[in-house]
Amino acid sequence: MPAYDSLAHPVRHIPGDPDTDSPEEGIALCLSGGGFRAMLFHTGALWRLNELGYLARLERISSVSGGSIAAGVLALAWKDLEFDDATGVAARFPELVGEKLIELTGHTIDVESVLVGMALPGQSISERVAHAYRKLLYGRASLQDLPPEPAPTFVFNSTSLQTGVLFRFSRAYMADYLVGRVENPDFPLAEAVAASSAFPPVLSPSVHDVSSYEFVAGSGHDPSLGQAPYTTRLVLSDGGVYDNLGLETAWKKCRTILVSDGGGEMPPAPEPPGDWARLSVRVMKTIDNQVRSLRKQQVIEGYKSSLRDGTYWGIRSHMADYPAPSELEFDQDATEALANYPTRLGEVDPQMRNRLINWGYAICDAAMRSHVDKDGQARAAEFPREGGVIGAP
């Protein structure tokens with residue numbers, strides 16, 4: 001029977017695997033899935049973490065889907081962010097990370113990828129998503145272009161549809177613990193992020209030829225898992241299918257866990273659809289909702305039991321739940337519309353974009369000052385974008 005690291009999820013210990021050894025006294029940040037909505041929400045949270053001096057203190061950043069888009073931009077910009085030695089604040093974060101992610105939301109990736117991927121022979125939808133990421137964000141960067149230590153370890157999470165477990169991409173390795181791992185892979189960053197954000201049904205699966213890579217055997221009891229096609233062809237889906245908070249690879253590594261959750265919530269439906277297409281979508285949303293609830297339970301129970309330190313903030317959080325409320329002026333009721341914004345990789349209205357960023361900034365500030373940075377002498381909070389979080393969009 002597996003040892004339980006919380007009430008919610010079993011933790012598999014894999015000898016020699018850096019993701020499953022005992023947690024260290026470090027800080028990890030988890031960035032959830034949720035399309036451009038989550039990406040913008042996380043942008044605001046990263047903005048405030050930088051001002052608080054915590055961005056430079058992170059040991060690990062574990063991401064899923066929309067969170068992986070933001071993490072990829074942050075990773076490539078890391079060496080040029082110009083962190084202040086005294087405060088830990090990166091002077092060029094707004095320019096190299098914030099504006100880059102904001103610019104992305106002027107484009108629609110999902111619809112174009114679906115149309116082109118379905119129309120052109122030999123082109124998949126996921127390949128078109130990777131093409132867009134390559135063109136708009138990452139260029140020809142590979143996992144080897146991620147920053148080395150002492151920068152944080154960036155882990156991009158997807159789900160293997162072949163083994164049903166997490167598939168992880170990082171600078172040091174890419175791995176499925178049942179199949180094995182590839183050391184120091186030069187796998188394209190755009191493809192790793194596309195795999196992490198291949199949310200079903202339309203953007204999934206994300207298929208990759210890895211026959212040129214050499215896998216070191218994993219810990220699976222079935223020897224056939226260390227052979228083709230598992231080691232030659234990856235069939236992946238959105239990381240949120242397995243872990244929508246990106247929690248697992250952070251939880252097993254660091255003592256202090258910060259969680260930014262920009263994911264959605266499934267509303268009640270008195271009359272669920274009867275046709276297979278819409279019903280399938282409803283079923284997938286139900287699964288996503290359950291996975292997210294279990295992961296959130298895991299992290300909250302971990303805080304309560306002192307198993308982990310840190311804090312959680314979500315796009316549906318309420319400022320009243322935090323002992324140190326925000327000094328920023330905004331309308332809490334307006335945040336409901338932000339939380340209900342569709343999970344898309346589509347163009348975002350500038351007003352909505354600014355409000356999503358500002359809400360992530362505000363709720364991160366309250367969560368950090370309430371539970372992590374209680375005695376910090378931080379720079380006063382000031383909305384990074386015009387418009388605040390006021391009124392209905």
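**Exercise 1.** Which residue with a positive phi follows H1?

Solution. H1 is followed by Gly53, whose phi is positive, near 85°. The model is a predicted one, in which local features need pLDDT of at least 70, side-chain atom pairs count only at pLDDT 80 or more, and totals for chains, interfaces and linings use all residues. Residues are numbered from 1 along each chain as its sequence is written, and side-chain values use heavy atoms, with hydrogens and water left out.

**Exercise 2.** Compare the expected span of helix H1 with the distance between its end C-alpha atoms, and then describe the surroundings of Asn50.

Solution. Helices (H or I, at least four residues) and strands (E, at least two) are DSSP runs, numbered from the N terminus. The expected span of a helix is 1.5 Å times one less than its number of residues, so the 17 residues of H1 (residues 35-51) should span 24 Å, and this agrees with the 25 Å between its end C-alpha atoms. Next, consider burial, where buried means under 20% relative accessible area, exposed over 50%, and partly exposed in between (1.4 Å probe, protein chains only). In H1, 17 of its 17 residues are buried. Asn50 lies in this helix and has a relative accessible area of 4%, so Asn50 counts as buried. Leaving aside residues up to four places away in sequence, Asn50 is in contact (heavy atoms within 4.5 Å) with Leu55, Phe83, Gly88, Val89, Ala90 and Phe93.

**Exercise 3.** Classify the ring pair of Trp78 and Phe83, and then that of Phe330 and Trp359.

Solution. A pair of aromatic rings is described by the distance of the centres and the angle of the planes. Rings of Phe, Tyr and Trp (its six-membered ring) pair if their centres lie within 6.5 Å, and planes under 30 degrees apart count as stacked, over 60 as edge-to-face and the rest as tilted. A search of the whole structure finds eight aromatic pairs. One of them joins Trp78 and Phe83, with 4.9 Å centre to centre and 45° between the planes, and is tilted. Trp78 is buried, at a relative accessible area of 10%, whereas Phe83, at 24%, counts as partly exposed. For Phe330 and Trp359 the centres are 5.4 Å apart and the planes stand at 50°, so this pair is tilted. Because Phe330 lies in the loop between strand E11 (309-314) and helix H10 (335-339), and Trp359 in helix H11 (residues 350-371), the pair ties together parts that are 29 residues apart in sequence.
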